[in-house]
Amino acid sequence: MPTYVCPNCGRTASLPEGDYYCKVCGPDYPLVVKRSRAEWERIADSIVNEIYNEIHYFCWHISDEPVYECFYTHAIEDLYTLASIYIREDAERKLKLIGEMPDDIYDKYNMKLQRMLERTAKELERKYARR
Ligand SMILES: [Zn+2]
């Protein structure tokens with residue numbers, strides 16, 4: 001049985017798989033599965049890589065913009081927004097995970113994705129932009 005934790009008061013409970021809310025804090029606080037930080041980092045990292053690959057495909061094969069401009073456009077958007085647009089497989093579950101991950105891990109991987117996109121944009125700009 002997974003251990004669930006209330007994001008508000010920290011109360012934990014071992015329960016069969018399901019949707020629960022906190023008995024103390026009420027229905028505004030759904031319980032989330034308790035995961036180690038290492039586990040959250042693995043989840044965040046794999047989501048970021050998936051989004052990056054989808055954006056890569058989009059900028060190279062679908063967008064009408066110059067490819068580096070497309071990357072720049074995406075580099076200023078946040079992880080949740082990009083996930084809601086670009087994740088295609090199992091999107092609902094992954095968006096839920098993004099919503100549940102600890103704030104500092106979200107911030108770290110949000111930054112990581114922005115840097116990956118920005119770095120690609122700069123490399124491509126150097127290669128292809130006409131000055
Ligand atoms: Zn609570």
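Two strands count as paired if DSSP finds at least two bridges between them. Keep that in mind for the first views of this predicted model.

**Figure 1. The open sheet has three strands, in the order β2-β1-β5.** The pairing in this sheet is antiparallel. At the edges sit β2 (12–14) and β5 (32–33), each of which pairs on one side only. Strand β1 (residues 3–5) and β2 run antiparallel and are joined by three bridges. Which residue of β2 stands opposite Tyr4? Look for Ala13, which is found across from Tyr4. As a reminder for this view, strands of a sheet pair through backbone hydrogen bonds, in either a parallel or an antiparallel way.

**Figure 2. Strands β3 and β4 are joined by a hairpin.** The link from β3 to β4 runs through three residues. Strand β3 (residues 21–22) is antiparallel to β4, and two bridges join them. Cys22 has Gly26 in β4 as its bridge partner. How many of the five residues of β4 are buried? The count is zero, and strand β4 (residues 26–30) is hardly covered.

**Figure 3. The chain is assigned two domains.** Domain 1 takes in residues 1–34, and domain 2 takes in residues 35–128. Between the C-alpha centres of domain 1 and domain 2 there is a separation of 29 Å. It may help to have this split in mind when you turn to the helices below.

**Figure 4. Helices α1 and α2 pack with their axes 8 Å apart.** Helix α1 covers residues 37–62 and helix α2 covers residues 67–75; the angle between them is about 140°. The crossing of α1 past α2 is right-handed. On the α1 side, Ile55, Cys59 and Trp60 make the contact, and on the α2 side Val67, Cys70, Phe71 and His74 do. Sorted by class, the contact has six nonpolar residues, one polar residue and no charged residues.

**Figure 5. Phe58 belongs to helix α1.** Is Phe58 buried, exposed or partly exposed? Its 16 C-beta neighbours inside 10 Å make Phe58 partly exposed, because a residue needs 20 or more to be buried and 12 or fewer to be exposed. Phe71 makes a useful second landmark here: the C-alpha atoms of Phe58 and Phe71 lie 9.4 Å apart, with their places 13 residues apart in sequence. Phe71 also belongs to the α2 side of the contact with α1.

**Figure 6. Leu79 is a buried residue of helix α3.** Why does Leu79 count as buried? It is buried because 21 other C-beta atoms lie within 10 Å, and the cut-off is 20 or more. Setting aside neighbours within four places in sequence, Leu79 is in contact with Ile98, Tyr106, Tyr109, Asn110 and Leu113. Two of the helices around this view are α4 (91–100) and α5 (103–128). Leu79 and Ile51 are 28 residues apart along the chain, and 8.6 Å separates their C-alpha atoms.

**Figure 7. Ile76 sits in the loop between α2 and α3.** Ile76 has 9 C-beta neighbours inside 10 Å, so this residue counts as exposed. For a sense of scale, try the C-alpha atoms of Ile76 and Glu50: they are separated by 17 Å, and the two residues are 26 apart along the chain.

**Figure 8. Asp90 has a positive phi value.** If you like to check backbone torsions, start with this one. The phi of Asp90 is near 60°, and the residue is not a glycine. Where does Asp90 lie? Asp90 is in the loop that runs between α3 (79–86) and α4 (91–100). With 10 other C-beta atoms within 10 Å, Asp90 is exposed.

**Figure 9. Ala129 lies in the segment after α5.** The preceding helix, α5, spans residues 103–128. Ala129 counts as exposed, because there are 11 C-beta neighbours inside 10 Å and the exposed class takes in residues with 12 or fewer. How far apart in space are Ala129 and Pro66, C-alpha to C-alpha? They are 8.4 Å apart, while in sequence Ala129 and Pro66 are 63 residues apart.

Note on methods. Residues numbered from 1 in each chain as written. Predicted model: local features only at pLDDT ≥ 70, side-chain atom pairs only at ≥ 80, totals over all residues. Domains from an automatic or database assignment. Axes fitted to C-alpha atoms, helices over the stretch in contact; angles between N-to-C directions. Helix = DSSP H or I, 4+ residues; strand = E, 2+ residues; numbered from the N terminus. Left-handed = near helix turned anticlockwise from the far one by under 90°. Contact = placed C-beta atoms within 7 Å. Nonpolar A, V, L, I, M, F, W, Y, C, P; charged D, E, K, R; others polar.
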